[in-house]
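Please open the model in your viewer and keep the selection tool at hand. The stops below go from one element to the next, with a word at each on what to select.

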Amino acid sequence: MTSRHLTNHVTESNQSNTIMSAPGESSSSAKSCYNNKGIVTYKCLKKLLAENDIQLFDVRTRQEVAAGKIPGATNIPLDELQEALSLSPDEFQKKYNVRKPGLDDGNITVHCRSGMRADSAIQIFNNLGYKRYFRAHNFTGGWTEWQKAMEADMAAANE
């Protein structure tokens with residue numbers, strides 16, 4: 001199955017399970033799946049996406065994202081992230097079609113292909129004041145782990 005099909009399949013299956021939280025607030029069940037080192041596992045990410053309780057930023061290049069993405073992720077390439085987070089909330093909303101994360105939001109998660117650029121993105125968030133209580137989290141498995149897991153989930157569902 002192609003990356004684009006994986007994205008569409010997951011998006012369709014998540015749409016019926018959405019539970020809304022106030023912007024930037026994590027539900028108590030979601031808070032428990034973040035670890036205290038700022039790492040988000042695949043299982044946790046799936047839970048947060050199903051509950052619509054995450055601000056997920058993909059820091060890969062636009063070319064990489066064109067091949068497939070995690071549903072609900074907003075693409076802000078790493079080399080644009082600092083400038084993007086320096087925009088006013090209105091400018092950010094207009095440019096990226098999502099609310100700008102607040103300094104006190106507890107549900108910010110970043111990912112890349114395999115975790116390396118996401119580490120750099122976490123540093124940018126931290127340098128801009130998003131570091132209180134590990135406010136920015138890293139899905140270290142990135143697109144690579146997501147894609148493999150979705151393929152495995154779909155193969156198991158087809159058995």
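Begin with strands β3 and β4, which pair in the parallel sense over three bridges. Within this pairing, select Ile108 and then its bridge partner in β4, which is Ala136. Keep in mind throughout that this is a predicted model.

Now widen the selection to the whole sheet, which is open and has four strands in the order β2-β1-β3-β4, with parallel pairing. At its edges lie β2 (74-75) and β4, each of which pairs on one side only. Moving to the other neighbour of β3 in that order, you will find that β1 and β3 pair in the parallel sense over four bridges. Select Asp58 here, and opposite Asp58 you will see His111 in β3.

Stay on β3 and show its side chains. Are the two faces of β3 covered or uncovered? Both are covered, since Ile108 and Val110 on one side are buried, as are Thr109 and His111 on the other.

Return to Asp58 and add Arg60 to the selection. Their side chains meet in a salt bridge, with 2.8 Å from N to O, and both Asp58 and Arg60 are buried. The search of the whole structure finds five salt bridges, and two others are worth a stop.

Select Glu80 and Arg62, which form a salt bridge whose closest N and O atoms are 2.6 Å apart. This pair links distant parts of the chain, with Glu80 in helix α5 and Arg62 in helix α4 (residues 62-66), 18 residues apart. Arg62 counts as partly exposed, because its relative accessibility is 43% and that class lies between the limits of 20% and 50%.

Next select Asp105 and Arg99, another salt bridge, in which the closest N and O atoms are 2.8 Å apart. Asp105 is buried, with a relative accessible area of 8%, whereas Arg99 is partly exposed, with a relative accessible area of 34%.

Now select helix α7, residues 116-127. How does the span of its twelve residues agree with the rise of 1.5 Å a residue? The expected span is 16 Å, because the rise is multiplied by one less than the number of residues, and the end C-alpha atoms of α7 are 17 Å apart, which agrees. Colour the helix by accessibility and you should find Ala118, Ala121, Ile122, Ile124, Phe125 and Asn126 buried. These buried residues pack against β1 (55-58), α5 (78-85), β3 (108-111) and β4 (136-138), so that a selection of those elements shows the surroundings of the helix.

Asn127 also lies in α7, but Asn127 is exposed, with a relative accessible area of 64%. If you draw a distance from its C-alpha atom to that of Gln82, 45 residues apart along the chain, the viewer should report 9.3 Å. Just after the helix, select Gly129, which takes a positive phi of about 100 degrees.

The next stop is the largest nonpolar core, which has 19 residues. Select Phe57, Ile76, Leu81, Leu85, Phe92, Val110 and Phe125, the residues with the most contacts inside this core. The elements that give two or more residues to the core are α5, α6 (89-96), β3 and α7, and the largest share, five residues, comes from α7.

Centre the view on Leu85 and ask which residues are in contact with Leu85, leaving aside its neighbours within four places in sequence. They are Phe92, Lys100, Pro101, Ile124, Phe125, Leu128 and Tyr130. A second, separate core has 17 residues and includes Tyr42, Leu48, Leu56 and Phe139.

Finally, colour the chain by pLDDT. The protein chain averages 80, and 77% of the residues score at least 70. Select residues 1-29, over which the pLDDT is below 50, and note that this stretch has 53 contacts in the model beyond near neighbours in sequence.

Notes:
Residues numbered from 1 in each chain as written. Heavy atoms only, no water. Buried < 20%, exposed > 50% of the residue type's maximum accessible area, 1.4 Å probe, protein only. Contact = heavy atoms within 4.5 Å. Pairing = 2+ DSSP bridges. Salt bridge = Lys/Arg side-chain N within 4 Å of Asp/Glu carboxyl O. Core = buried A, V, L, I, M, F, W, Y, C linked by side-chain atoms within 4.5 Å. pLDDT = per-residue confidence, 0-100.
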